[in-house]
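Q: I should like to learn how to read several local features of a protein model. May we take them one at a time?

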Amino acid sequence: MSEISKIQLGQNGPMVSKLGLGCMRMSSVWGGPTPDETESIATIHQALDSGINFLNTGDFYGAGHNEMLIGKALKGRRDEAFISVKFGAIFHNGQWIGLDLRPVAIKNFVNYSLTRLGIETIDLYQPCRMDDSVPIEDIIGTIAGLVEEGKVRHIGVSEITADQLRKANSVYPISALEIGYSLADRQIENDLLPAAKELGISVVAFTNTAEGLLTGDLQAPLPVDDYRNHFSRFQGDNLIHNLEKVAVLKEMAHVKNVTPTQLAIAWVKEQGDHIMPLVSMSRRSRLPENIPAMEIVFTPDEMNILNTTFAIGAIKGGTYLQR
């Protein structure tokens with residue numbers, strides 16, 4: 001497989017793999033059975049062997065299961081991995097019920113995460129999104145205190161506005177912004193991406209295939225039990241319209257002898273040296289497809305076709321799930 005290039009997190013942060021491994025799908029977050037743990041651990045090991053060292057998790061993925069899984073996978077290999085942890089989401093019986101970003105809660109969360117992961121320091125720690133009921137200064141200031149204590153190395157943020165990003169960075173240097181970004185979800189190009197670039201903050205981009213829309217595998221209508229039926233992007237005429245756009249991606253993939261998924265990842269990668277595609281995987285079989293995507297290049301005409309076809313607002317409806 002191809003060699004993974006590196007990206008620097010923030011202005012003075014560490015060098016990590018430019019392709020990140022999202023570990024959410026290795027746990028049951030939105031209901032359903034837990035994926036095979038042996039295969040998940042083997043996927044992490046093969047990712048590390050392939051040069052992917054950025055592992056992304058959340059303390060609420062599987063109610064802590066995801067962190068414990070990563071802890072098992074990294075026994076004897078801790079120094080090979082850069083661990084990113086999101087916190088703050090509150091779930092009950094698999095249902096999102098809110099956020100808790102009070103300083104006292106953050107101090108509690110971090111100690112549970114360290115224990116489940118079996119490590120002494122979290123490499124990147126970030127609120128999963130901002131809670132308007134708690135001042136940003138208190139949230140970021142509390143994490144800065146954890147940096148001083150040696151429990152956290154770098155601070156990140158996720159699902160945040162440009163103004164919030166600037167305010168957070170004024171409290172303590174932010175190394176990474178985690179946000180949904182794909183050909184189908186480009187609204188952040190208006191304000192948030194320029195703000196991150198201006199501040200020297202790296203972007204960890206999840207949902208590169210827009211919950212599978214850009215894989216080229218979907219047909220309308222979706223099966224009745226498909227969770228994506230809850231979102232307007234995958235409903236009725238919206239889905240038919242959106243799949244017409246995806247047909248352009250499929251045709252380009254055919255011409256370039258790659259898959260639509262690979263093109264979707266490659267497009268994100270091409271948006272800047274400071275942008276990392278974060279790809280969720282739970283099976284080793286996905287690595288031989290996703291890693292070579294980082295080597296794909298586009299001609300100016302190809303990039304123009306994609307940017308025109310998938311201009312902001314071209315995809316009707318939508319949402320994305322927290323990674």
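Q: Why does Cys 23 not form a bond with the closest cysteine sulfur?
A: A disulfide is a pair of cysteine sulfur atoms within 2.5 Å. In this predicted model, the closest cysteine sulfur to that of Cys 23 belongs to Cys 128 and lies 17 Å away, so the two are too far apart for a bond. A search of the whole structure accordingly finds zero disulfides.

Q: On what basis should I trust and number these features?
A: Residues are numbered from 1 along each chain as its sequence is written. As the model is predicted, local features need pLDDT of at least 70 and side-chain atom pairs count only at pLDDT 80 or more, while totals for chains, interfaces and linings use all residues; side-chain values use heavy atoms, with hydrogens and water left out.

Q: Is Cys 23 buried or exposed?
A: Buried means under 20% relative accessible area, exposed over 50%, and partly exposed in between, with a 1.4 Å probe and protein chains only. Cys 23 has 0% relative accessibility and therefore counts as buried. Cys 128, also at 0%, counts as buried.

Q: Which peptide bond is cis?
A: Most peptide bonds are trans, and most residues other than glycine have a negative phi. Here the bond from Ala 220 to Pro 221 is cis, with omega near -5°. Pro 221 is placed in the loop between β11 (202-206) and α7 (236-256); helices (H or I, at least four residues) and strands (E, at least two) are DSSP runs, numbered from the N terminus.

Q: What is the phi of Ala 210?
A: Phi of Ala 210 is near 55°, a positive value in a residue other than glycine. Glu 211 likewise has a positive phi near 55°. Ala 210 is found in the loop between β11 and α7, as is Glu 211. Ala 210 is buried at 1% relative accessible area, and Glu 211 is buried at 5%.

Q: At what angle do α5 and α6 pack?
A: Two packed helices are described by the angle between their axes and the distance between the axes. Axes are lines fitted to C-alpha atoms, for helices over the stretch in contact, and angles run from 0 to 180 degrees between N-to-C directions. Helix α5 (residues 162-171) packs against helix α6 (residues 192-199) at about 20°, with the axes 9 Å apart. That makes α5 roughly parallel to α6, a term for angles under 35 degrees (over 145 is roughly antiparallel, 65 to 115 roughly perpendicular, and the rest oblique).
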